[in-house]
Amino acid sequence: MSEPVIRTQQLTKAYGSRLAVDKLDLTIEPGEVFGLLGPNGAGKTTTILMLLGLTEPTSGTANVAGFDPLRQPLEVKRRVGYMPDQVGFYDNLTGVANLRYTAKLCGFTSKEADEKIAAALARVRLTEAGQRPVLGYSRGMRQRLAIAEILMKGASIAILDEPTGGLDPQSTREFLELIRSLKKDGMTILLSSHMLELVQSVCDRVALFSQGKIGLMGRVEDLLRSVLGGSHIIRIEAHGEGLEAALSAVPGVTRVANEGSGLRIEATGDIRGDIARAVVGAGGDLTMIDAGHASLDDVYARFFEGLPNAA
Amino acid sequence: MRREGSALAGAGTVMMKELGDNLSSTRMRLLELLVFLTGAGAVFATIGEVREVVGEDPFVFLRIFTTSKGETLPSFAAFLGFLIPIVSIALGFDSVNSEFNGKTMSRILAQPIYRDALLFGKFMAGLTTLAVMLTALWLFVIGLAIFMLGLPPGTEEVLRGFAFLIAAIAYGGVWLGLAMLFSVQFRSSATAALASLAVWLLFAFFWNMVVTIITPIIAPVDPYNPMSVLYTVEVGQALSRLSPNTLFAETTMAFLNPATRSLGLVLQSQMQGAISGPLPFSESVALVWPQVTGLLASVIGLFTVAYVMFQRQEVRA
C-alpha cells in the first residue's frame with residue numbers, strides 16, 4: 001500500500017470552549033475520492049482549512065502530500081487545488097484574466113500560464129466564455145472555472161468544499177462527470193457535502209461527520225451493510241393497528257421505523273411478499289409497497305437519529 | 001514555530017493586479033479629475049498674486065504652492081491637506097473586505113502565498129497609485145507655473161518642492177494605512193469608509209477644538225507663574241501634533257517657506273541677534289525631521305496593526 005496523501009492525527013480545533021473538530025484521525029490514499037459528509041456546522045470546512053494551513057489547529061498534526069500545512073503551507077498549497085464553498089472570482093476581470101492572476105501567484109511564467117490556462121479551460125468547456133468578464137457567469141460556470149484553476153495549477157490533490165451547492169440538476173450531473181474524469185487522471189479528491197446521493201455516486205470512501213467527530217468511515221457498501229444490517233429498504237403505506245409489532249416479527253426484517261406517511265422497513269432481502277402477507281394478516285389495509293436499495297441517506301438518517309442536530 | 005518560504009512571495013503579483021484595478025477604476029478617474037481641477041484652480045487663482053512679488057522673493061516658485069487667495073480660496077498645499085486623505089481613504093477602505101465579500105479571499109489564500117504578501121501587495125499598490133497621482137499633479141502644477149510665470153524654478157526650489165512631494169505621499173500613506181486597517185476590521189465596506197471618514201473629520205475639523213478644550217485641563221495656567229503659560233502652550237502644541245494634518249501642515253510650511261525658522265514657540269530673547277532670511281534646505285529638513293519621522297512612524301504603526309489583525313482573522317467568511 002502506498003503512502004497516504006492526507007493524514008491527520010488527533011487533529012483538533014477549538015473556538016473558545018466549542019470544539020469544531022475533535023481529535024480527528026483521517027487517512028486518504030492517493031487516487032481516492034473521499035467524501036466528508038455531515039450537516040452544516042459539523043466541522044467539515046474547518047478540517048479543510050486546517051489541511052490547507054489557513055487555520056491553525058489547536059492541537060494534533062496534519063500531513064498533506066508529505067508536508068506539514070502549519071510549517072510548510074506554501075509547499076502544501078502548491079500541490080493542492082481548493083474550491084471553496086461559494087467560490088468567487090473577480091467579477092470585473094475575464095475568466096482568463098482571473099486564472100492568469102492565480103497562475104502568476106503560483107509562480108508560472110506568462111508563456112507557461114497561457115498554455116496551461118488554454119488547456120484547462122478547454123477541459124471544462126469554458127474556452128469561449130473565458131474571454132468574457134466573470135460577472136456574467138452562471139453558478140455552474142464559476143464552479144467549472146474553479147476546477148479549471150485546479151487543473152491549471154497542476155495540483156495532485158483537489159479539495160472541493162460543497163462542490164454542488166446551488167447547482168441545477170443538469171450542472172450537477174456535468175460536474176460529477178468532471179470529478180470522475182479528474183479521478184481517472186489520478187487526482188486525489190477530497191470533497192465535503194451534505195448532498196448524500198451525490199457523494200454516494202462518486203466517492204470511494206466516506207466519513208460521516210457529526211459535531212467535529214467522525215461517526216463512521218469506510219466504503220459506501222460497507223457502511224450500508226454495517227449500519228443498516230441489510231441493504232434492502234422497503235417502504236409501505238398501510239392503515240391498521242399494531243402493524244409495527246407484526247412486521248418486526250417477520251423473518252428477515254431488521255428494523256421498522258415510522259416515517260410519518262408510512263413505515264420504513266429494513267430487511268436482509270427483498271421480502272415484499274412476506275411483508276404484504278404480514279400486513280394483511282394483521283388486519284391492515286395495504287395501500288402502497290415499494291422496495292429499493294438502501295442509500296447513504298438511510299445510513300445518514302439512521303446514524304444521526306438521536307443525535308442533536310448541529311445545524 | 002517557523003514557517004518555511006518567503007513571506008513576500010507573490011506580493012509583486014498582488015501589487016501589479018491591485019495597481020491595475022486602482023488605476024482603471026471609475027472611482028479613481030473621478031478623484032483624479034477632482035484633484036486636477038482643484039490643483040489647476042488653485043494655481044490659476046494665486047498666479048496673479050505670485051506675479052506681483054516676482055522681483056522680491058528668491059523663492060517665488062514655492063509661492064505657487066503656499067499663496068492663498070485672500071480669505072476665500074486656500075492655497076494649493078492646504079487643498080492637498082484636504083484631498084490627499086480623501087483619495088487615500090478611497091483607495092483603501094474596501095481593499096481587504098471586498099475580497100471577503102466577493103468570496104475570493106479563501107481561493108486566493110489557497111494559492112502558494114502567505115497572507116503577508118496579500119496585505120503588503122495591496123498596501124504598496126495603494127501607495128504607488130497615490131504616488132503616481134501626486135507626482136503627476138506636482139509636475140502639472142510646476143509646468144503650469146513655468147508657463148504662466150515665464151521663469152524656471154531654481155535648484156533649491158526643485159529640491160524643496162520634491163521634499164514636499166515626498167511628505168505628501170507619506171501623509172497619504174497614513175490615511176491609506178488607516179483605511180486599510182478599517183477594511184480589515186469591518187466586513188462591510190460602507191462601515192470601513194464611514195469609520196475612516198469619521199477619523200478624517202475629527203482631525204481635519206475638530207481636532208483644534210478638542211485641543212483647546214483639553215489643554216487647560218491637562219496644563220492649567222497658573223496666574224502667579226509666568227512659566228506655566230509656556231508649559232500650557234507646549235502641551236497644546238504636543239496635543240495638536242497627534243493629528244497627521246498638523247504634522248503635514250508644519251512639514252509643508254518648513255519645506256515651502258524657507259523663512260520658517262521654528263515650528264514652535266519662539267521667545268523674543270531667542271530671536272535676538274538672529275539674521276533674518278531664508279534657511280538653507282538642510283536646516284529646513286532638520287527643522288521638520290521630527291514631523292516627517294512622525295508621519296512615517298504612523299504609516300508603519302497603522303500597517304502593523306492592520307497586519308496583526310489580518311493574520312489573526314479567520315479565513316472563512
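Which residues are buried in α1(A)? This is a predicted model, and in it A:K44, A:T45, A:T46, A:T47, A:I48, A:L49, A:M50 and A:L51 are the buried residues of that helix. The helix is mostly covered, with eight of its eight residues buried. A residue counts as buried here if 20 or more other C-beta atoms lie within 10 Å of its own C-beta atom. After α1(A) comes A:G53, which has a positive phi, near 75°.

The surroundings of this helix start with a sheet. In chain A, six strands form an open sheet, and their order across it is β5-β6-β7-β3-β8-β9, with mixed pairing. Its edge strands are β5 (80–83) and β9 (213–219) of chain A, each of which pairs on one side only. On average, neighbouring strands of this sheet are turned by 15° against each other, direction ignored. Helix α1 of chain A, residues 44–51, packs on the sheet and touches four strands of chain A: β3 (33–37), β6, β7 (188–193) and β8 (205–210). The direction of α1(A) makes about 150° with that of β6(A).

Strands of a sheet pair through backbone hydrogen bonds, and they do so in either a parallel or an antiparallel sense. At one edge of the sheet in chain A, β5(A) pairs with strand β6 (residues 157–161) in the parallel sense, over four bridges. A:V80 has A:I157 as its bridge partner in β6(A). A second helix belongs to this part of the chain: α5 of chain A, residues 139–153, lies across β5 and β6 of chain A. It runs at about 170° to β5(A).

The next step is the whole of chain A. The domain assignment divides chain A into domain 1 (6–224) and domain 2 (232–293). Taken over C-alpha atoms, the centres of domain 1 and domain 2 of chain A are separated by 42 Å.

Chain B is built from helices, with 13 helices and zero strands. Read along the sequence, the pattern of chain B is α-α-α-α-α-α-α-α-α-α-α-α-α. Along the principal axes, the C-alpha atoms of chain B fill a box of roughly 65 × 55 × 35 Å. Chain B has 317 residues, and buried residues make up 38% of them. Of the contacts in chain B with a separation of 6 or more, 79% are accounted for by residues 24 or more positions apart.

Key
Residues are numbered from 1 along each chain as its sequence is written. Chains are lettered from A and ligands numbered from 1 in the order in which they are written. This is a predicted model: local features need pLDDT of at least 70, side-chain atom pairs count only at pLDDT 80 or more; totals for chains, interfaces and linings use all residues. Two strands pair if DSSP finds at least two bridges between them. Helices (H or I, at least four residues) and strands (E, at least two) are DSSP runs, numbered from the N terminus. Axes are lines fitted to C-alpha atoms, for helices over the stretch in contact, and angles run from 0 to 180 degrees between N-to-C directions. Two residues are in contact if their C-beta atoms, placed from the backbone, lie within 7 Å. Domain bounds come from an automatic or database domain assignment. A residue is buried if 20 or more other C-beta atoms lie within 10 Å of its own, exposed if 12 or fewer, and partly exposed in between; C-beta atoms are placed from the backbone.
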